[in-house]
Amino acid sequence: MFKVEGYEVIRQEHIAEYAADALYCRHIVTGAEILSIQCADENKVFGVSFKTPPSDSTGVAHILEHSVLCGSRKYPVKEPFVELLKGSLNTFLNAFTYPDKTCYPVASANEEDFYNLIDVYLDAVFFPRINKEIFHQEGWHLDPTGDDNGLSIRGVVYNEMKGAYSAADGVLSEFSQRLLFPNTTYGVDSGGEPAVIPDLTYEAFIDFHKTYYHPGNARIFFYGDGDIERRFAKLDEYLREFGPREKKAAVDLQPLATSPKTHRMPVEPSSPDMGLMMTVSWLFPEITDLKTRLGLHILEHALIGLSSSPLRKALIDSNYGDDLAGVGLEEELRQFYFSTGLKGVAPGYEGKVEKLIISTLQGLAENGIESEAIEAAVNTIEFSLREQNTGAFPRGLSMMLMSLADWLYERDPIAGLRFEAPLAEIKHDLAAGKRVLEDLLNQFILQNNHRVTLILEPDAGLAQRRKNEEQNRIKALYEGLGEDREQRVADDAGALATFQHTPDSAEALASIPQLIPADLPPKNMPTLTMERSADMEQLYFNDLETNGVAYLDLGFDLTVLPEHLFPYINLFGRALLEMGTAKQDAVSLTRRISAKTGGIVRSPSIATTKSGDVAARLFLRGKATVDKFSELSDVLLDILTTANLGNRDRFLQIVTESRTRAEMRLIPAGHSVARLRLGASFSQAGAMNERLSGVEQLFFLRRLEKRVREDFDGVREDLEEIRRRLLIKNAMVANVTVAEHQAARVLDNLAELSSALETGDIERHPQASVTRASAEGLTIAAQVNYVGKAADVKKLGYQINGATHVISRYLRTGYLWERIRVRGGAYGAFSLVDRFNGLVALLSYRDPNTDKTLVAYDEAGAFLEELTLSQEELDKNIVGAVGDLDAYKLPDAKGFSGMIRSLVGDTDEDRQRMREEMFAVTQEDFRAFGTVLRQAMAEADTVIVGAKDVLENTKHVALSLTDVM
């Protein structure tokens, strides 16, 4: 039994599911609880989380999450979070506000960097400086210097949440939850409702920290390899400064109602002809039994996880709406709930949708869920649990969040990580013929009257009413300041400006722990991707340990398609996977994929190559355990050779869903919309990406939806022509990622697949650039803006290199952060460079400004030209840029990125040269790029995504408006 002085060991055990050893302790003096997970993963994770249940929608928990990272006792700089972003090798660095908890996780594969991050975060949460200026900056304040030269409410969180409340999907999700929990903390918005945020006082903000940010209310988590004693030694540096405190945080249970309720709300429309959006949601009692919780996961997947799942299919086939709505099973709160519904519902059909959901569930409970659907659901959930593929998230972070699902509510944090026993019980019960899923469906949904139906009605006048209400709120806030209100607003604004403009001292900046370039390896890790001979265009192989999972990527060259066929590609990819084959209908095919493999997804990839050409492919990315790889190969062969492209009704559903999702994406991803639009005129790859993922794709989908209804024969001819031109083995590239000792069977199956495909004639078709104005405004119904400028610096004789990446990173984490986020109140800002096509882009996210942001972009070059950097600051940015180059990846991502590098001509020698250029960057490089950037911004293209009246009143540039909504 492990012992550490000052701690009580609650549990210590081996977790076979993760090949890990868990140690669960309590700090005797303060009551802080610690879960330490020891395993072989070098990507180490630390997190400190607090139970933070708000009592109102002022967003106090969210504003505090932002604010504690704005300087602390030991690190008295304005933005230690940003300083870490500049000069850390972190693989994750962020914070989250949930409805009942606030989490501060960090991750790094470098041990010294890891402990640097831990120290800054512990000091931040326990000893933040959170002065009034920070509260005004991150929360809200009255600003006399807005773009419209009038009094306005500004603040980073305030603008973030204005953006959130402009997105219909987010509003639907938020209020579906809130209405289920009318009597608990989940009935308010922990993120902050814009209309309520200005009710938050500085005193209440400070009191919230005093109440909840004490070790006695903390759950502290460690994960990965390394010395366990060092973990506790680091904690002791902080915990020993605190005494005991009675826990005040509580998340009450919501009593279940005895009758259903219906609510209606207005929402800003996402398109001119947007229909209603609605969900039907059920709240469950608290569930502590692991078998029941896992069973509900399987039930959710069986009901709505696939396009062929019975509830999802019933809703989509009804033609009552355009796409599925709702979050499905919500599992991160004390009480689970299930929510589903439809988007794009015609007025008057709300009752039909609700009746259809209930009658479909009743039929499944009475008649049983088909065994094939259950098999597919069980396999999908089991594969996911065993694969532990968390994508860009560190695996340890996923484990921390799983632990908190019990830990936060005074339950065992280790129990929820043990899936083997409950999974085995469920599989045993299913094999014995028990009605496992049907019983759960009856118990938690059909016999449960705590049901809320929420209907969102598009209201074209809502945006203007909100603006009017905001102006009235500003007036009331101003009048409430008393007779000296003008002076008080000026004083607060002046104090904030002084705080923001006063640079951190050299001594304060030196307090931030950081690595130096000499701490980093001088050489890149070599790309493991190697070419092998094969009966196809190219075969790549990645010898990586994958825990028995084989990953296969099949890529088909999109340059063989004429321009008029290219916009179909995302739809064509879905059609291959979701419309059936010659042997199986759509339902059987999707269930087969889910039951026999780890899944297949379509993934287009388009990039400029080193030579200036374009590498454009549609990838089908599949995975399976090595012993079932033949099943994956067989499915892919059926899809590629006999996919049914003639099902008009199903293809119309795919088009309609895609159009709806593209419209819903406009507001939450407005910066990506602007980026794609900007890039469309500068390169062939940019034009192709805009046509496939930007507003050009949305316009195409709107036209195609009508055409499918009127001329499906012509559409089908297009799809068949795509198949004929695209799915040929002499234009196919394959990429396999698996350990060498398991590769033989995989490669043999792949050879059989390739030999069954036909060869074809290859004719390349270049794509023309997208025609747009050099200064364009894309109009949407949003309360915030997304502002972008971009230019091709190659035209100015500048070659983007490793030094440029360091400079671009500095722009993002330094100049743009300061000008756009800190002073401007936007939620975020970005600087992007592409060394192959020469594009430089500056972008903002959830931005209250347009003109101020454009001025900041125009002045960025002069800022760099006049910049004087200390060696410490230069080193910090080198470390951060090299860290980006060395970004940690799971095996499938590592194998895929290695192949992409090969396809675009990005060799190990090129990347090593880029690394050396990063290490060699000088202040003169910054100034030289500043000159280029100043010239580029003077001639750059502009795209702003925002409300029509805001774009019409933008003065810095005359915008040509394009209506998107």
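This report covers the overall build of one protein chain and then a single helix, α31.

**Whole chain**

The model is predicted. The protein chain holds 34 helices and 27 strands. Its C-alpha trace spans about 75 × 65 × 60 Å along the principal axes. A compact globule of 965 residues would have a radius of gyration near 30 Å; the protein chain has 28 Å, so the two agree. Of the contacts between residues at least 6 apart in sequence, 81% join residues at least 24 apart. The mean positions of the 105 positive and 142 negative charges lie 2 Å apart.

| Property of the protein chain | Value |
|---|---|
| Buried share of the 965 residues | 62% |
| Accessible surface | about 35,700 Å² |
| Share of accessible surface from carbon and sulfur atoms | 48% |

**Helix α31**

Helix α31 runs over residues 891–904. At 1.5 Å a residue, its 14 residues should span 20 Å; the end C-alpha atoms are 20 Å apart, so expectation and model agree.

Is α31 enclosed or open? Because 11 of its 14 residues are buried, α31 is largely enclosed by the rest of the structure. The buried residues include Pro 891 and Asp 892 at the start of the list, and Leu 903 and Val 904 at its end. Gly 895, Phe 896, Ser 897, Gly 898, Met 899, Ile 900 and Arg 901 are buried too.

What covers these buried residues? The cover includes strands β17 (538–543), β18 (549–557), β19 (600–608), β20 (614–625) and β21 (732–738). Helix α32 (908–919) is also part of the cover. Just after α31, Gly 905 takes a positive phi of about 85°.

How values were computed. Residues numbered from 1 in each chain as written. Predicted model: local features only at pLDDT ≥ 70, side-chain atom pairs only at ≥ 80, totals over all residues. Heavy atoms only, no water. Helix = DSSP H or I, 4+ residues; strand = E, 2+ residues; numbered from the N terminus. Rg over C-alpha atoms; globule rule 2.2 N^0.38 Å. Buried < 20%, exposed > 50% of the residue type's maximum accessible area, 1.4 Å probe, protein only. Contact = heavy atoms within 4.5 Å. Areas by Shrake-Rupley, 256 points an atom, 1.4 Å probe, with all protein chains shown as cover. Lys, Arg positive; Asp, Glu negative; His and termini not counted. Charge placed at Lys NZ, Arg CZ, Asp CG, Glu CD. Expected span 1.5 Å × (residues − 1).
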